2 protein chains.
Amino acid sequence: MTGAARPRPPTHTRDIARAAVRAELAHVAFELFSRDGFDKVTLDDLAAAAGVSRSTFLRYFGTKEDAVLAAYDGHDRRTADALRARPPAEDDWTALRRALDTVIERYHEDPAGSLATTRLVRETPALCARHLEKQHGWRPALAEALAERAGTPGDVTVGHTVRAAAALDCLNVALDHWTASDGRLDLVDLLDEAFAALTGA
Amino acid sequence: MTGAARPRPPTHTRDIARAAVRAELAHVAFELFSRDGFDKVTLDDLAAAAGVSRSTFLRYFGTKEDAVLAAYDGHDRRTADALRARPPAEDDWTALRRALDTVIERYHEDPAGSLATTRLVRETPALCARHLEKQHGWRPALAEALAERAGTPGDVTVGHTVRAAAALDCLNVALDHWTASDGRLDLVDLLDEAFAALTGA
DNA sequence: TGCGAATGTGACACTGAGTGTCACGTTAGC
DNA sequence: GCTAACGTGACACTCAGTGTCACATTCGCA
């Protein structure tokens, strides 16, 4: 019965400030990584460039990789929510394809920035690996959303998981080609093509 | 014109000995990891347990993770070869499914060992991540094999890549369920179910 | 307005992974 | 037997990531 149970204080001021600092740190980090290469930049470099201590930087981002990959935070929840919002009668593939529009949106909002980020991630083995790992974590959320759509929440079948995974593959492959084309190819077309290759083959 | 161009000396004795040492090191490492947990075991522990120096251990396996994941070496090449060996008329899905029998075989040869390895990998974030990364590297080889089957070697389409990726997902999801069932469920059935969820949905 | 607690930050020490280098001993080829 | 290549061990080094501590600021509350 101590005052331990206070997860959210009355004021959100701190949280807002914290988010702003986080964004600024991510920005500085991205600039350095792009200029010098991810591996060449040390945590000390980042801290110095951002004007904070190494400790502080690591408090905002647990790892060097996270400073870049934070850009993808929330994609899983948003996609899962979009999936749940699709008409219940819609088949899984269509629902997944439409849910991914939520992700694609972000790329259309800032094509140049998205392209630069994607390119950095794909070209840096450490980032690529960590991104793969994080994205792998999206799978359960999507599979669960599919199970809910099927009217059996909590009962995630092999099928739900496989389809969720395949949909993420489609996204990745489409992004690979989009990046390789320097953003000239249409992301929507690429994603449609990827899904088509899956459903009708 | 110096004697630099001699990639393979007359005798293979060294290579054979090297492979044996490598296998022994992997075995010792696996025992330690299983007993104490991957993260608790340091490179010094491994070296001491194997009776070699830390340097030597790192020469055989570039990273701690590789000492475990070396078990999967060659799976990509074998699967791609199996894919190329399938009848040209066979559709991609069937060919992929059959090619994965090559991988499944290994699990039937030593179910207990495979189960232990798979479990260790899935339960250890660092191993899971590294495995994901390595397996991601199989994709191009499989996609290229599909392109060759299509009579267009070198021309890897979005479809080839997506189907290769999806097939690997099927393998992973099937293995997840197999591991979760302590090896009681049939791996072949699980893999069939995964592919079925993909092709007919 | 002032007090106390929580919180953000910096400084520091520490562990452990991975890299590179060098010297030594063994082994293989001639 | 001589020589060159190779495997190994012993270091030293960099850097990521963790944990701890003290200090300062800020917020909640009286």
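A polar contact is a pair of N or O atoms within 3.5 Å; within protein, one must be able to donate a hydrogen and the other to accept it, and residues adjacent in sequence count only if both atoms are side-chain atoms. This is a predicted model, in which local features need pLDDT of at least 70 and side-chain atom pairs count only at pLDDT 80 or more, while totals for chains, interfaces and linings use all residues. Residues are numbered from 1 along each chain as its sequence is written, chains are lettered from A and ligands numbered from 1 in the order in which they are written, and side-chain values use heavy atoms, with hydrogens and water left out.

**View 1. Polar pairs between chain A and chain B.** Four residue pairs, both residues at pLDDT 80 or more, are in polar contact between the two chains. Helix 11 of chain A (helices are DSSP runs of H or I, at least four residues, numbered from the N terminus) gives the most to the side of chain A that touches chain B, with eleven residues.

**View 2. A salt bridge between the chains.** Arg139(A) and Asp169(B) form a salt bridge (a side-chain nitrogen of Lys or Arg within 4 Å of a carboxyl oxygen of Asp or Glu), with the closest N and O atoms 3.3 Å apart. The interface holds two salt bridges by this rule.

**View 3. Contacts to DNA strand C.** The side chain of Ser53(A) places an N or O atom 2.9 Å from a phosphate oxygen of DNA strand C. A polar side-chain atom of Arg54(B) is 2.9 Å from a base oxygen of the strand. At Lys64(B), a polar backbone atom lies 3.2 Å from a phosphate oxygen of DNA strand C.

Technical notes
Helix = DSSP H or I, 4+ residues; strand = E, 2+ residues; numbered from the N terminus.
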